[in-house]
Amino acid sequence: MPKEFQHLRFKIDDRVARITFARPPLNVFNIAMMREMGEALNECLPLRDLAAIVFDAAPGTRAFSAGVAVEEHVPETVFQMLDSFHSVFRVLAQISRPVIAMVDGPALGGGCELVAACDIVIASERARFGQPEIKLGVFPPVAAILLPRVIGEKRARELIMLGDMIDAGEALQLGLVNYVVPGAELESKLQSVLAKIRDLSAAALAMTRTALDLGGQTSFQSALTEVENLYLNELMKTEDANEGVRSFMEKRKPEWRHR
């Protein structure tokens, strides 16, 4: 039996693992929730016949995810925060199965990074996507690696460096999402995609996903290690990174010192 979690629902049914974010109202990823995500994914590791992994949000929550908890983005916990979040992506790479996101509402910050890491994204018409980290004086490590590969270098740089938000239609045009459907049709579209995946060899799908990952100029795993070093050992030692986080928590405009 899959383990019970506090901040998410996890089940494996008909060869599909489903991880449903259930931390209302906005499914903000705190360290405890991200560790639960990692635990759920680790339960998937030994399942050789697993067809796919699905991420979605529980009914009653107002976002796929509004990102990683800013209050844990302070010097005392930033190492644990980044490690717990990036462990999710490292385990996904190990599992090497098709990963699907079903997005109804905003997917911002870490939520958008998770979307970028998914193979297939089904979004509702009210879905929104963005990487607002720059407005807090930091950058999104996973998005810095994956977003240029997914939507192209120039547009990815613009979204990450300006922190703008895009709607579902633009995300479809850019290739960040695969399908945009009315909210009421999300589940039926997901099931039609899963039906196709279940008809395929799990072993072939795993190797295909690994081959696709190897197609990048630099492997995700090695790139992530380098970006983490930049983030933790250089960025988080700047005055502006700490000011950005403090100003957000104090609900005021940041006063940048540009150092």
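Leaving aside neighbours within four places in sequence, F55 is in contact (heavy atoms within 4.5 Å) with I19, F21, M37, L41, F64, L92, V99, I100, A101, M102, L114 and C118. The structure is a predicted model, in which local features need pLDDT of at least 70 and side-chain atom pairs count only at pLDDT 80 or more, while totals for chains, interfaces and linings use all residues. Residues are numbered from 1 along each chain as its sequence is written, and side-chain values use heavy atoms, with hydrogens and water left out.

**Nonpolar cores**

- F55 also belongs, with V103, F129 and L176, to the residues that touch the most other members of the largest nonpolar core, which has 71 residues; such a core is a set of buried Ala, Val, Leu, Ile, Met, Phe, Trp, Tyr and Cys residues joined through side-chain atoms within 4.5 Å.
- Helix 2 gives the most to this core, with 9 residues; helices (H or I, at least four residues) and strands (E, at least two) are DSSP runs, numbered from the N terminus.
- A second, separate core has 14 residues, including I100, M102, L190 and I197.

**The sheet of 6 strands**

- Six strands form an open sheet in the order 1-2-3-4-6-9, and their pairing is mixed; two strands pair if DSSP finds at least two bridges between them.
- Strand 1 (8-13) and strand 9 (179-181) each have a single partner strand and stand at the edges, so one side of each is left without a neighbour in the sheet.
- On average, and with direction ignored, neighbouring strands of this sheet are turned by 15° against each other, where axes are lines fitted to C-alpha atoms, for helices over the stretch in contact, and angles run from 0 to 180 degrees between N-to-C directions.
- Strand 1 pairs with strand 2 (residues 16-21) in the antiparallel sense over 6 bridges, and F10 stands opposite I19 of strand 2.

**The sheet of 3 strands**

- Another open sheet, also of mixed pairing, has 3 strands in the order 5-7-8, and its edge strands, strand 5 (106-108) and strand 8 (165-167), each pair on one side only.
- The twist of this sheet averages 20° from one strand to the next.
- Strand 5 and strand 7 (residues 128-130) are paired in the parallel sense over 3 bridges, with F129 in strand 7 as the bridge partner of A107.
- Helix 3 (residues 110-117) packs on this sheet, touching strand 5 and strand 7, and its direction makes about 95° with that of strand 5.

**The surroundings of H73**

- H73 is found in the loop between strand 3 (52-57) and helix 2 (78-95), and at 10% relative accessibility it counts as buried, a term that means under 20% relative accessible area, with exposed over 50% and partly exposed in between (1.4 Å probe, protein chains only).
- The side chain of H73 makes a polar contact of 2.3 Å with the side chain of Y231; a polar contact is a pair of N or O atoms within 3.5 Å, where within protein one must be able to donate a hydrogen and the other to accept it, and residues adjacent in sequence count only if both atoms are side-chain atoms.
- Not counting residues up to four places away in sequence, H73 touches V78, M81, V138, Y231, M236 and V245.

**Cysteines**

- A search of the whole structure finds 0 disulfides, a disulfide being a pair of cysteine sulfur atoms within 2.5 Å.
- For C44, the closest cysteine sulfur is that of C118, at 13 Å, too far for a bond, and C44 is buried with a relative accessible area of 1%.
- C112 is likewise in no disulfide, and the nearest cysteine sulfur, that of C118, is 11 Å away; C112 is buried, with a relative accessible area of 2%.
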